[in-house]
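Reader: I would like to go through a structure with you before I set up any calculations. Could you take me through its fold and its local details?

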Amino acid sequence: VRIKGVQRPRAVMAISAVIMNLDGVLVDSSRLHARAWNQVLPPFGLRFDTNWFTPWIGVADERLAAHLCQHYPIPQPSEELVLNKRGRYSELARHGLRTFAGLHERLECLENIPLAVATNSRRYEALRALKRVNLDKLIDVVISSQEVPRPKPTPDPYLMAAHRLGVAPKDCVAIEDSCIGIQSAREAGCRVVAVLSDPCTRGLAGVAHKVSSPIGALDWLLERVKSESIA
């Protein structure tokens, strides 16, 4: 019932769950992935500039290795190249993996909202990364490349995450930092908050909000949650 002269609060869309990418959103790992690749490629005469890895952020190791083996004279199967890269990354992550300052505290403020991870990493890698930065107990569902028929950029990881959480994708907010991740979340029907770490994300349309950091994404999200509780 509308009371004459009284304006009702503006309706806000409910947020039933939050689904996040792992690398670049929850853990500051993209630099370590790039360093690992830069350690395994020089023996084959491949040395790239510091920005070469940027378009490959979020892409599965298998896909990048297949591309490298197809376009460069690498005398070993792509599967072996992937194993070498993952070994180097594991060593780097053992002491160098970090989350972002203030992220843990902000996730704790979302205690009443289910949280999931949708990543192109393998499951054991994702679980190990979350444990190393003490985020494992805050995440309700982890969807890796091993749980879905197809990895990002298909919508499968986000559809599976929403299904496991028991919510509709349209009621989920996705936090993504790569073009393939944003495409995956959008095609799944999620509302996307884009972290502008990848140059190609800056020109993307159809996202709910754009921020410069994962912390900015969570601050925006907490404001939306607060608005819901008031409306």
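Author: What follows covers the overall fold, the cores, and then a few individual residues. Please bear in mind that this is a predicted model.

Reader: Understood. How many helices and strands are in the chain?

Author: The chain has eight helices and six strands. Read from the N terminus, the order is β-α-α-α-α-β-α-β-α-β-α-β-β-α. The chain is as compact as a globular protein of its length, because its radius of gyration of 19 Å is close to the 17 Å that the globule rule gives for 231 residues.

Reader: What box do the C-alpha atoms fill?

Author: Along the principal axes, the box is roughly 75 × 35 × 30 Å.

Reader: And what share of the residues counts as buried?

Author: Of the 231 residues, 47% are buried. The exposed surface of the chain comes to about 11,800 Å², with carbon and sulfur atoms supplying 52% of it.

Reader: How far apart are the mean positions of the positive and negative charges?

Author: They are 4 Å apart, for 30 positive and 24 negative charges.

Reader: Let us turn to the interior. Which residues have the most contacts inside the largest nonpolar core?

Author: Those are Met20, Leu26, Leu107, Ile175 and Leu221, in a core of 37 residues. Helix α8, residues 214-230, gives this core its largest share, five residues. Apart from this core lies another one of 20 residues, including Ala17, Ala118, Leu165 and Ala185.

Reader: What does Leu107 touch, leaving aside residues up to four places away in sequence?

Author: Leu107 touches Met20, Leu26, Leu115, Leu135, Leu138 and Leu218.

Reader: You listed Ala185 in the other core. Which residues of helix α7 are buried?

Author: In α7, which spans residues 179-188, the buried residues are Ile180, Gly181, Ile182, Ser184, Ala185 and Ala188. Their cover includes helix α6 (156-165) and the strands β4 (172-176) and β5 (191-195). Just after α7 comes Gly189, with a positive phi of about 100°.

Reader: A different topic: Val142. Is Val142 buried or exposed?

Author: Val142 counts as buried, because its relative accessibility is 9%, under the 20% cut-off. Val142 belongs to strand β3, residues 141-143.

Reader: Which residues does Val142 touch, beyond four places in sequence?

Author: The contacts of Val142 are Val117, Arg123, Ala126, Leu127, Leu130 and Glu147. Arg123 is 19 residues from Val142 in sequence, and their C-alpha atoms are 7.7 Å apart.

Reader: Now the backbone geometry. Which residues does a cis peptide bond join?

Author: The cis bond joins Lys152 and Pro153, with omega about 20°. Pro153 sits in the loop between β3 and α6.

Reader: What is the phi of Asn134?

Author: Asn134 has a positive phi of about 60°, although it is not a glycine. As background, most residues other than glycine have a negative phi, and most peptide bonds are trans. Asn134 lies in the loop between α5 (123-132) and β3, and at 54% relative accessibility it counts as exposed.

Reader: Last one. Where does Gly166 lie, in which loop?

Author: Gly166 is in the loop between α6 and β4. With a relative accessibility of 63%, Gly166 counts as exposed. Pro114 is 52 residues away from Gly166 in sequence, with 9.7 Å between their C-alpha atoms.

Notes: Residues are numbered from 1 along each chain as its sequence is written. This is a predicted model: local features need pLDDT of at least 70, side-chain atom pairs count only at pLDDT 80 or more; totals for chains, interfaces and linings use all residues. Side-chain values use heavy atoms; hydrogens and water are left out. Helices (H or I, at least four residues) and strands (E, at least two) are DSSP runs, numbered from the N terminus. The radius of gyration is taken over C-alpha atoms; the globule rule is 2.2 Å times the number of residues to the power 0.38. Buried means under 20% relative accessible area, exposed over 50%, partly exposed in between (1.4 Å probe, protein chains only). Accessible areas come from the Shrake-Rupley method with a 1.4 Å probe; for residues, only the protein chains shown count as cover. Lys and Arg count as positive and Asp and Glu as negative; His and the chain ends are not counted. The place of a charge is taken as NZ of Lys, CZ of Arg, CG of Asp or CD of Glu. Contact means heavy atoms within 4.5 Å. A nonpolar core is a set of buried Ala, Val, Leu, Ile, Met, Phe, Trp, Tyr and Cys residues joined through side-chain atoms within 4.5 Å.
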